[in-house]
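Colleague: I've got the model open and I'd like to go through the labels you put on it. Can you walk me through the reasoning behind each one?

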Amino acid sequence: MTTATASHDDHHHGPEKGLMRWVKTTNHKDIGSLYMWFAFIMLLIGGALAMGIRAELLAPGMQLMEPQFFNSLTTMHGLIMVFGAIMPAFVGLGNWLIPMMVGAPDMALPRMNNWSFWILPFAGGILLSTFFMEGGAPAFGWTFYAPLSTTFAPDSTDFFIFAVHLLGFSSIMGAINIIATVLNMRAPEMKLMDMPLFVWTWLITSFLLIGAMPVLAGAVTMMLTDRNFGTAFFDATGGGDPVMFQHIFWFFGHPEVYIMILPAFGVVSHIIPTFARKPLFGYSSMVYATASIAFLSYIVWAHHMFLTGMPVAGELYFMYATMLIAVPTGVKVFNWISTMWRGSMTFEAPMLWAVSFVFLFTIGGFSGLMLGIAPADIQYHDTYFVVAHFHYVLVTGALWSIIAATFYWLPKWTGKMYNEGLAKVHFWWAIISVNVLFFPQHFLGLAGMPRRIPDYSLQFADFNYISSIGGFAFGASFILLTYIIIDCVRNGKPAEARPWPSAKGLEWTLEPKAQYHSFNTPPSRKLIEQESQNS
Amino acid sequence: MKRLTTLLSVLVATMSTSVFAEYGLNMTEGVTEISKNIYDLHMMVFWVCVAIAVVVFSAMLYSMFAHRKSKGAVAAQFHESTTAELAWTIIPVIILVLMAIPATKVLIDLEDTSKAEMTVKITGHQWKWQYDYPEEGISFISNLAQDSKDAIRGTDEDRKKAGNDNYLLDVDNRLVLPSGKPIRFLITASDVIHNWWVPDFGVKQDANPGFINDAWVEIPVGNEGTYRGQCAELCGKDHGFMPIVVDVVTQAEYDKWVSEQQAAAKAAADSANKTWSKDELMAQGKSVYNTNCAGCHKVDGTGMPPVFPAMVGSPVANGEAADHIGLVLHGKGAMPAFKMLGDSDLAAVITYERNAFGNTGSVVQPSDVKSAR
Amino acid sequence: MSEQEYYVPHGTYWPIIGSIGVSTLFVGFANQMHGVEWGASVMALGLAITVFMMFGWFGQVVNESTNGMYNKQVDRSFRWGMSWFIFSEVMFFAAFFGALFYARALSVPWLGGADNNIFTPDLWNAFSASWHQMAFLAPGTELQSGTTMSFPAVPEGLTIENATPADVVDPWGLPALNTALLLASGVTLTYAHHALRAGHRNQIIGWLVATIALGVAFLGFQIMEYSHAYADGLKMTTGIYGSTFYMLTGFHGFHVTVGAIMLTVILYRVQKGHFDADNHFGFEGVAWYWHFVDVVWLGLFVFVYWL
Ligand code: HEA
Ligand code: HEA
Ligand code: CUA
Ligand SMILES: [Cu+2]
C-alpha cells in the first residue's frame, strides 16, 4: 500500500490479474479501453433505439408502439448517442493517446481518471432504467425543454436529472485530467506548438467541457427544484420563463456540439498527412482555427432559438455570429485539402474514413450554415432538415472520425493488424447506406415534415421508406464492424511499431503494442522534433 | 416493387421539375411575400453552398485521383502559405457578408407586425389549437379530424381515404382568414410550448405558455384556398397529431362566415339557458368526450395510468358534481383547463363522464357550469 | 522523490465505492421525492458510503503525501486539478446568476409588456411587473389562457408599488454583516498562509481557528436571515425572486459549509504537522476554495440583496 510505484520500476509489475484489474485500474490505457468499450456498447444500444424509430417511420400509420414510447425512443436515442457514445468515445481516445503523444508515463491524476470512467456505467444504468419505470422513460427530446420536462413529465425525469448530474461530473473530471496531463505531464522538451493536433483539439475541448457542463448541471438542478420544490425558474406564473430554460440549455448545448467535433478534427489532422505522405498544411492556423471555433461556440447559442420570439436585435446578432463559424471551419477544410494536394496518396481504411469525413462533414456544415440564416430557419426549424444536418455532422462527422481513429490506432492498441479487405467492404457498405439513410431527410424537411413525430402524412411516405431501408442497412454494417474489431484483437497478424510508414507522432516510437506505461523517460528534443506535425 | 420504381425514378430524374413538385424535394415557395422572400434566400444560400462545394470538392477529387501513390505521385513537402491562408479566410468572410445583407432585410420585415389590420389569437393546447377572433367575438377549437384519428391504427386504405389524401393534415374546425388583408397572429399556449407553422405563409412561431408572440401574414388576393401545417415543437404524446388547416377566402366570404359564426355562438349561448334532458346531454357529451378527452382518458374511459387516470370508477366522476366541474374548468397538473369549451358542451361531457363507463354520478346542466365559472 | 520520477498509484477501490455511494444517494433522493418510504434511508446509506469514500480516499492521498511519495510535478498536477475544478464551480454558479439576470432584465419586464411583448400582459389579470416581489398574483388567479397561478400572494401589508428589497431583507443589516465576516475570514486565512510560510505553527492554528469561527458565524447569521425572510413570506415557492434568492444563497451556504469542514480537516492536519513551508498544497487548495466562496458571496451581496 505504501510502496511508491514510480514509473521507473513499472516493468516489474504489469497489470493486475482478473476482473478486478478493470475495476481498480489507474492506467490510462486500461481506462481508455474501458471508455471505448462502454462507448461502443452505448452506440449499439442507441443505434438499436434508432432502429426502433426508423421501423416505426418505415410507413405511415402507427404500427409498433404508442406515440409516447416513440418520443421516449427519440429522447433516449439522442441522449445515449451524445452522452453515452460520442463523448465517452472521445474521452477514451484522449486517454489512450494523449499520454503517448505528449511523452508522458500516464495521465496526471490516475485515480480520478478511474472515477471519471466508473461513474459512467452507473449514470448510464440509471438512465436506461427509466425505460422500466411507471410512466415511461423521459419523452421530451434530448433538449428537454421546460415545461414539458417539468410540469408535464413522468416521475422518471428525476432519475434522468441525476443521471445527467453524474454524466456531467464524469466529463468535468475527465476534462480536468486532460488539461493537467497536457500542461503538466508533457515531455519537458515539448513546446506547446510541438503538440500534435489531436492533443491541441482535446485541450481546447476540455475548456469547452469545463465551461459548459456545469451550466448544464445548473439547468437540470433548476428543473429539479421546479419539479419538486416549487421554484418558478421556468414558469411564467411565478415570473420565470420557459425560454430561459432554452437559453441556459443552449449555452451548454451549442459548445456541446463542438465538444463532439473538435477532437474529430484532431483525428483527421493526423490521418490525412499520414496517407498523403506529406506534412500537415498550416499547422499553426489549424490551432488558431480550433481556438476560434471554441470561442465562437460560446456566443452563438441562440441560433437554436430563432423562433422563440427573441427581440429582432438578438436574432440578428446570433445570425451573424453563427455565420462567422464557417470561416475558421473553412480554414480547416482548406488545410486538409491542401495537405492532400500533390501528396502521394493511398487509401487504407483510416484514410477512407478520414477523406469521407471531409466530404460529408462539409455537407453537414453547409446545411448548418443554411440553418444559421435566421429567416430561412423559419422554414427549416424542427423539421427533418435539421435532423439531416446534425446527423451529417455527428454520424458522418464525429462517429466517422472515431471509426477512422479506431482503424488508425488499433495496431498500436492491440499490437495486431485488422483485416484490410473486410475493412474496405465495411467502409463502402457504411458510406452508401448512411447516405441513403440521411440524405433523403433533407428533402423530407424541406417538404415540411416536422421532427419528433411518430406518424406522418402520405406525401412523406416514399422518402421515409428509403431512409428506413438505408437505416437498417447502416445498422447492419455495425455487425461487420464488431466482427472486424474482435477478429483483429483475437487473430490479427502482428503489427509493426509504425504500421503506417509515413505516420508521425511519439506514439509510433513505442513498442508495437504500446507498453503499459508509455514513456518512462521523457523523449528527447530530437525525437520530438522528428515526430512533430509542425516541422 | 412500386417503392423500388419510385426510388429509381427519383434517383434518375432528380432534376426534372415534375419530380420536384410531386415528391416535394424542395422548400415550398408559398403564397405570401415573406414566404417567397424566404424561399429566395434559401435558394441563394443553397446555390452559394453548391458553388463552394463544387470548387472545394473538385480540388479534393482531382487530388485524390491525380496525386495517388499508385499513379507514381511523389509527395511535395510544402506545408505553409500565408497568402493562401489569408485568401481562404477573407473570401469566405466576403461571401458571408453578402449573404447576411438580404437575410437581414427579410428578417426585419417579417418581424414587423405593425401593419396588421385584424388580429387572430392562437392558443396551443395539448394537442389542439384554439382560435380566437377577439374583435369578432368568435372562438373555437380545432382538433385532428376524426377520420384521420381512426386511420392511425387502420389500414393503408383508411389512410388514403382520410381527409382526401390529407391524412393527419385535416381538422374538424378550420381557421378561416380573408385574403388581401394584413393579419396579426397572437400566439401563445396554455400548457407546454407548441409551435404554429404554416409553410405556405412563411409563418412559424413558438407558442410559449405565459407569453404572447406575434407574427403576421398577408395572403394576396387570388390565392384563396386551403393551406396546411403542423405543430412544430415537441409538445408531448400527440405532438404529431395537432395539424393546422387554414381556409383562405375572399373578404366577402369571410364576412359571411363571421356572421354565421356569431349567429351560431348566440344559439349556443341560448341553448345553455335551457334545461337539457339526460339523453341529449349523453349524446352530445359522447362526441365532446371523444374529441377532447379521449386523447388522454381513452374512448373506453380506461385512461393511461398512472399519469392519465381512468374515468371508470373515478372518485371525481362518481363524487360531488361541483368538484368535477371545477376540475374540468380549471385543470389540475397535467390535466388541462377546459373553460374555453361552451357551457353546454361542458355540461354534456361532465354528465357523460358521470354516467358512462358504468359510473353513477348526477346529471349536470349548463346552468351549473355557468354558475361555477 | 526526485523530479524525474512520477508517482503512478496502484489500483484503487475508492472510485467504484464513490460511484456506488453517489448513485445510491441519488436513487434514494429521487425515491424520497416521489414519496417512497425507503427513499430517505437509502439516501442516508448513500451519503454514508460517499462520506466513507471521501475519508478513505483523501486519507490515502494524505498518507502518501506525508510519506514523501509525491514530487513537485504531482503537486503541480493537483494544482491544475484544483484550479480548474474551482473554475467549473464558477460556471455552476454562473448558471444561477444567469437565471437571476435573465429574469430580472428580461422575463419579468416581458411579462409586463416590454420590448416585443406588448401583447403579453393581455394574458394576465391584475399584473404589474416589478422585481424583488415576484409574487404579485393571488393564488388561484387564473391566466386567461387557462393556466392557474400557483404562487402565493405578496407578503401581507405590501403592495406591488411600495415593495422594495428592503421589505424582505435589508442589505445593510445581516447581509452586510455577513459580507464583513466573510471578507475578514479571507484576511485571517491569508495570515494563516503567511504563518505557514514562516513556519509558525501556533500562529497558523490561531488564524485558522479564527477563519473557521468566522465561517461558522456566517452560517449562523445566514440561518437567522432565512428564518426572518421566511417569516416575512419570502419563500422558495413565492416566485422567481424567491427561487433565485434561495438557490443562490443556498448553494453558497452549502459551499461555505463544505469549505468550513475542509478548513477543519486542514486545522487537524496542521496540528499533526503535515505541512511545511514549501509543501502544503492541501492547505492552498482549501484556501483557494475559500476565496472562491468569498468572491461568490460578493456577487450575491451586490446582485441579490443590494441592487
Ligand atoms: C458535431 C456537431 C455539430 C456541428 C459541427 C455543427 C455545426 C454547425 N451547425 Fe449545427 N447542430 C447540431 C450539431 C452540430 N452542428 C445539432 C445536434 C443540432 C440540433 C440540436 C437539436 O435541436 O436537437 C444542430 C442544429 C443547428 C441549428 C439549429 C437549427 C434549428 O433547430 O432550427 C443551427 C442554426 O444555426 C446550426 C448551425 C450550425 C452551423 C452554422 C455550424 C457550423 O459550425 C458549420 C461550419 C462548416 C461549414 C460551413 C462547412 C465548411 C466550410 C467551408 C468549406 C468554408 C466556406 C464556406 C462558406 C463561406 C459558406 N446547427
Ligand atoms: C450523436 C450521435 C448520433 C448518432 C451516431 C445517431 C445515429 C443514428 N440516428 Fe440519430 N439522433 C441524434 C444523434 C445521433 N444519432 C440526436 C441528438 C437526435 C435528436 C433527438 C431528439 O430529437 O431529441 C437524433 C434523432 C434521430 C432521428 C429523429 C427522430 C425524431 O425526430 O423523431 C432519427 C430518425 O431517423 C435518427 C436516426 C438515426 C439512425 C438511423 C442512426 C444510425 O446511424 C445508428 C446506427 C447504429 C446502429 C443501428 C447500432 C448498431 C447495430 C446493431 C445494434 C445491430 C443491428 C441492428 C439492427 C439492424 C436492427 N436519429
Ligand atoms: Cu403541439 Cu407539438
Ligand atoms: Cu448550435
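Colleague: What makes up the secondary structure of chain B?
Modeller: Chain B comes to 11 helices and 10 strands. Bear in mind that this is a predicted model.

Colleague: And what does chain A have in helices and strands?
Modeller: Chain A has 17 helices and two strands.

Colleague: What makes you call chain A as compact as a globular protein of that length?
Modeller: The radius of gyration of chain A is 23 Å, and the globule rule gives 24 Å for 535 residues; those two are close, so the label "compact" holds. Along the principal axes, its C-alpha atoms fill a box of roughly 65 × 55 × 45 Å.

Colleague: How does the radius of gyration of chain B sit against a compact globule of 373 residues?
Modeller: Such a globule would come out near 21 Å, but chain B has 28 Å. The box for the C-alpha atoms of chain B is roughly 95 × 50 × 40 Å.

Colleague: How much of each chain is buried?
Modeller: The cut-off is under 20% relative accessible area. Buried residues make up 75% of the 535 in chain A and 52% of the 373 in chain B. As for accessible surface, chain A exposes about 14,000 Å², with 70% supplied by carbon and sulfur atoms, while chain B comes to about 16,200 Å², 60% of it from carbon and sulfur.

Colleague: What share of the contacts with a separation of 6 or more comes from residues 24 or more positions apart?
Modeller: In chain A they account for 82%, and in chain B for 63%.

Colleague: On to charges. Why is the pair A:Arg111 and C:Glu64 called a salt bridge?
Modeller: The nitrogen-to-oxygen distance is 2.7 Å, and the rule asks for within 4 Å, so the pair qualifies. A:Arg111 lies in helix α4 (residues 110-129) of chain A and C:Glu64 in helix α2 (residues 39-66) of chain C, so this pair joins two chains. Both A:Arg111 and C:Glu64 are buried.

Colleague: Are A:Lys424 and A:Glu420 buried or partly exposed?
Modeller: Partly exposed runs between the 20% and 50% cut-offs. A:Lys424 has a relative accessible area of 30% and A:Glu420 has 22%, so both get that label. Their side chains meet in a salt bridge at 3.4 Å, N to O. Both lie in helix α15 (residues 420-446) of chain A, four residues apart, about one turn of the helix.

Colleague: Which parts of chain B does the pair B:Arg174 and B:Asp247 link?
Modeller: That salt bridge, at 3.1 Å from N to O, links distant parts of the chain. B:Arg174 is in the loop between α6 (156-161) and β4 (175-178), whereas B:Asp247 is in strand β10 (residues 243-249), 73 residues apart. B:Arg174 counts as partly exposed, at 27% relative accessibility.

Colleague: What makes B:Asp170, B:Arg174, B:Arg228 and B:Asp247 one network?
Modeller: They are joined by salt bridges that share partners. Over all chains, the count by this rule comes to 18 salt bridges.

Colleague: Last one: how many charged side chains are there in chains A and B?
Modeller: Chain A has 25 positive and 29 negative side chains, with the centres of the two sets 14 Å apart. Chain B has 32 positive and 43 negative ones, and there the centres lie 6 Å apart.

Notes: Residues numbered from 1 in each chain as written. Chains lettered and ligands numbered in written order. Predicted model: local features only at pLDDT ≥ 70, side-chain atom pairs only at ≥ 80, totals over all residues. Heavy atoms only, no water. Rg over C-alpha atoms; globule rule 2.2 N^0.38 Å. Buried < 20%, exposed > 50% of the residue type's maximum accessible area, 1.4 Å probe, protein only. Contact = heavy atoms within 4.5 Å. Areas by Shrake-Rupley, 256 points an atom, 1.4 Å probe, with all protein chains shown as cover. Lys, Arg positive; Asp, Glu negative; His and termini not counted. Charge placed at Lys NZ, Arg CZ, Asp CG, Glu CD.
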